[in-house]
Amino acid sequence: MPKVHIRKKALTKERHSWYLDFSPPLRNAKTGKKQRYEFLDLFTFDKPADHLQRRHNVETKALIENIRANRQLDIQNRKYGFISDRDRNSSFVDYFKAFVSAKQKHENDSDNYGMAYRYFIAFAGHDVTFVDMDEFLCTDYRHFLLSGPGIGRRGRPIITNTAVSYFAKFRSALQQAYKQGLLSVDLYVQVDPIKPKETHREELELEEFQLLVDTPAKSDLIKRAAICSGLTGLRFSDIQTLYWSEVRGRAGKYHLKFTQEKTEGAEILPISDQAVAVMGERGEPGQRVFAGLVYSSMRICFQDWLKKAGISKNITFHSFRHTYATLQLEFGTELLTVSKLLGHKSIKTTLVYTKVKDKMKIEAANRIKLKL
């Protein structure tokens, strides 16, 4: 088993700095790279001149020993398959970014790795830890990519085969994180890859949407956030980072003035009185509307909620954005208007929603009638 040793290095003015020496080297939880030393940015006096310096030395050495003991405990935990809270609560986003940077140095399709990372940020934002990573989140990200979103000034939508590539890069990061003991579950195996030319996405019919509104959920916060997404078309990342200062207007004329997480574009989005009502009691301008909303609580809540409502579809958080778009089209809203409401920069991105409404096809097929 690797050991953690305390080492020191001479500084100027008769002082020593302190660091930890891992033997053999360990993998860094953020970068995935092997790490031999951890510099603590702590120092002690060689010849303390007074009581304060002597006290400084005693407390600093006690702190250093505490850090060393915690690192040794982390090593023992990993040996027996236990992931420490420190590793579980570290940033998956930082890890994914480091994973991508390492791949870009050696892989031919380095641009695809970079875009896979950018699309994940557009989907989930920057505040995703290893605790948040589960099958529900990964499946929802899969749905997000299949919706053909576009990133960048031109807003060009991605095709299914591009989504296949980006999701494969994401799954590779999951696989490596599991091998390094940062994930307790092998999500690479649990989450299926995207198949080429796969186009099916789940959304709710209006009756099903109403059923969920009428059905209690384990988490009122998650329920309200999901319903708000279904009434506004906002992505999870935009719902999670929405502040009360961005909710403006009055009854009948409410709107959101915010910056989209995905495109970083300033948006003014008209919203209904019902959407504002679902948000709950107005807080201070600097408070988040759905404070405390995290992905790690969603899977269990959604499973229970859908079961109680008698809905067997594979509905995730992103499905509510699909629901908003398809219901708008079903009720006759023009495609260009839907495109603007969704914040799409290109109407080509919105066209994907015109392919999923079988109900609309059936109605259209029966419009032409002859006397036979």
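## Model and confidence

pLDDT is the predictor's confidence in each residue, from 0 to 100. The structure described here is a predicted model. Its pLDDT averages 84 over the protein, and 84% of the residues score at least 70.

Among the elements, the highest mean pLDDT, 96, belongs to helix H9 (residues 220-232), and the lowest, 62, to helix H2 (residues 85-88). Residues 79-83 have a pLDDT below 50; this stretch makes 7 contacts in the model beyond near neighbours in sequence.

## Nonpolar cores

In soluble globular proteins, nonpolar side chains tend to be buried together. The largest nonpolar core of this model comprises 87 residues. Phe96, Phe120, Met133, Leu145, Phe170, Met279 and Phe302 have the most contacts inside this core. Helix H4 (residues 110-124) is the element that gives the most to the core, with 10 residues. Apart from the largest core lies another, of 8 residues, which include Leu20, Leu40, Leu42 and Ile67.

When neighbours within four places in sequence are left aside, Met279 is in contact with Arg224, Cys228, Leu242, Trp244, Val247, Leu256, Ile271, Val289 and Phe290.

## Helix H12

Helix H12 covers residues 298-309, 12 in number. From its first C-alpha to its last it reaches 16 Å, close to the 16 Å expected at 1.5 Å a residue. After H12 comes Gly310, with a positive phi near 75 degrees.

The buried residues of H12 are Met298, Cys301, Phe302, Asp304, Trp305, Leu306 and Ala309. An α-helix has 3.6 residues a turn, so residues three or four places apart point the same way. The cover over the buried residues of H12 includes helix H5 (135-146), helix H8 (206-214), H9, helix H10 (236-240) and helix H13 (317-330). One of the buried residues, Phe302, is also among those with the most contacts inside the largest core.

## Pockets and cavities

The second largest pocket has a volume of about 460 Å³. Its lining is made up of 17 residues, and Phe209, Gly230, Leu231, Ser272 and Gln274 are the closest to its centre. H8, H9, helix H11 (273-279) and H13 each give two or more residues to this lining, and H8 gives the most, with 4 residues. Of these elements, H8, H9 and H13 also help cover the buried residues of H12.

The whole structure holds 3 cavities of 30 Å³ or more. The second largest cavity has a volume of about 50 Å³. It is lined by 11 residues, and those nearest its centre are Ser147, Pro149, Arg235, Arg321 and His344.

Technical notes. Residues numbered from 1 in each chain as written. Predicted model: local features only at pLDDT ≥ 70, side-chain atom pairs only at ≥ 80, totals over all residues. Heavy atoms only, no water. Contact = heavy atoms within 4.5 Å. Expected span 1.5 Å × (residues − 1). Buried < 20%, exposed > 50% of the residue type's maximum accessible area, 1.4 Å probe, protein only. Core = buried A, V, L, I, M, F, W, Y, C linked by side-chain atoms within 4.5 Å. 1 Å grid on protein atoms, 1.4 Å probe; cavity = no way out; pocket = protein on both sides within 12 Å on 5 of 7 lines; lining within 4 Å. Points joined across faces, edges and corners; volume = space filled by probe spheres on them.
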